[in-house]
Amino acid sequence: MAQTDGVEVFEERATNLGWTFSYGNKANQNLIQGDLVTDKIYLLLDPVKRTRVFSEFGGTGTTSFSGSFLLLKKSTIDQQYYEGQGTEAGKYKENIKPLLQTEIPKLENVLNCEDYKVNEWSIVDVVDIFDFNADGIIVTYNISIL
């Protein structure tokens, strides 16, 4: 049976993928800077919106959860966005592209399964986010429980 709590769904999958999970609002997430380690992947889940639609005859209908999360890696503020100096890779190639090509497909595969339906999945690059200078992607999602 599918989990019905969106927070636990993301926490379990992030942990199974070897990522560090954190839940809270932006101000809360900004406080984790002391825990960040280079090359570690972090899934920072924003507060989850839960929606229930009841059937026309009074029974349980559809339950879904939506919101956004960040998938990040620690970076340095002085690194260039696309190309680095000399042989150094820029933030995009070093941090963002691997998340897009390797990591986020792993999460997509375990979420879009027989228990859940991904209705919306929108991805935007982010750089130097929060005080701890992390790069990665922000994903806006809507997932229904089947």
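Which residues does Lys91 touch, not counting residues up to four places away in sequence? Keep that question open for a few stops.

**Before you start**

This is a predicted model, in which local features need pLDDT of at least 70, side-chain atom pairs count only at pLDDT 80 or more, and totals for chains, interfaces and linings use all residues. Residues are numbered from 1 along each chain as its sequence is written, and side-chain values use heavy atoms, with hydrogens and water left out.

**Stop 1: Lys91**

Select Lys91, in helix H3 (91-111). Helices here are DSSP runs of H or I with at least four residues, strands are runs of E with at least two, and both are numbered from the N terminus. Lys91 has a relative accessible area of 2%, so Lys91 is buried. Buried means under 20% relative accessible area, exposed means over 50%, and partly exposed is in between, with a 1.4 Å probe and protein chains only.

Now show its surroundings. Lys91 touches Ser75, Thr76, Ile77, Gln79, Gln80, Tyr81, Ile96, Val127, Asp128 and Asp135, leaving aside residues up to four places away in sequence. Contact means heavy atoms within 4.5 Å.

Draw two distances from the Lys91 side chain. One polar contact, of 3.1 Å, runs to the side chain of Ser75. Another, of 3.5 Å, reaches the side chain of Asp135. A polar contact is a pair of N or O atoms within 3.5 Å; within protein, one must be able to donate a hydrogen and the other to accept it, and residues adjacent in sequence count only if both atoms are side-chain atoms.

**Stop 2: Asp128**

Step to Asp128, one of the residues that Lys91 touches. Asp128 sits in strand S5. Check its backbone: phi is near 50°, a positive value in a residue other than glycine. With a relative accessible area of 27%, Asp128 is partly exposed.

**Stop 3: along helix H3**

Select H3 and look down its length. Where does H3 bend? The bend is at Leu99, by about 45°. That angle is taken between axes fitted to the seven residues ending there and the seven starting there.

Colour the buried residues of H3: Lys91, Asn95, Ile96, Leu99, Glu103, Ile104, Leu107 and Leu111. They pack against H1, S2, S4, strand S5 (116-129) and S6. An α-helix has 3.6 residues a turn, so residues three or four places apart point the same way.

Pause at Glu94, also in H3. Glu94 is partly exposed, with a relative accessible area of 38%. Glu94 touches Lys73, Gln79 and Ala89, not counting residues up to four places away in sequence. Add Asn28 to the view: its C-alpha atom and that of Glu94 are separated by 26 Å, and the two residues are 66 apart along the chain.

**Stop 4: the largest nonpolar core**

Which residues touch the most other members of the largest nonpolar core? Select Phe10, Leu43, Leu45, Phe65, Phe69 and Leu71, from a core of 24 residues. Helix H1 (6-16), strand S2 (42-45), strand S4 (62-74), helix H3 (91-111) and strand S6 (134-145) each supply at least two residues of this core. Such a core is a set of buried Ala, Val, Leu, Ile, Met, Phe, Trp, Tyr and Cys residues joined through side-chain atoms within 4.5 Å.

Another core, of 10 residues, lies apart from it and has Ile32, Leu44, Ile129 and Phe132 among its members.

**Stop 5: the rings around Phe10**

The whole structure holds eight aromatic pairs. Rings of Phe, Tyr and Trp (its six-membered ring) pair if their centres lie within 6.5 Å; planes under 30 degrees apart count as stacked, over 60 as edge-to-face and the rest as tilted.

Show Phe10 with Phe65. This pair is edge-to-face, at 6.4 Å centre to centre and 80° between the planes. Phe10 is in helix H1 and Phe65 in strand S4, 55 residues apart. Both are buried.

Swap Phe65 for Phe69. The Phe10 and Phe69 planes stand at 50° with ring centres 5.2 Å apart, so this pair is tilted. Phe69 is in strand S4 and Phe10 in helix H1, so the pair ties together parts 59 residues apart in sequence. Phe69 is buried, at 0% relative accessible area.

Finish with the full aromatic cluster: Phe10, Phe65, Phe69, Tyr116, Trp121 and Tyr141.

**Stop 6: Ser22**

Last, select Ser22 in strand S1 (residues 20-23). Ser22 counts as buried, at 15% relative accessibility. Its side chain makes a polar contact of 2.7 Å with that of Gln29. Beyond four places in sequence, Ser22 touches Gln29, Ile32, Leu43, Leu44 and Leu45.
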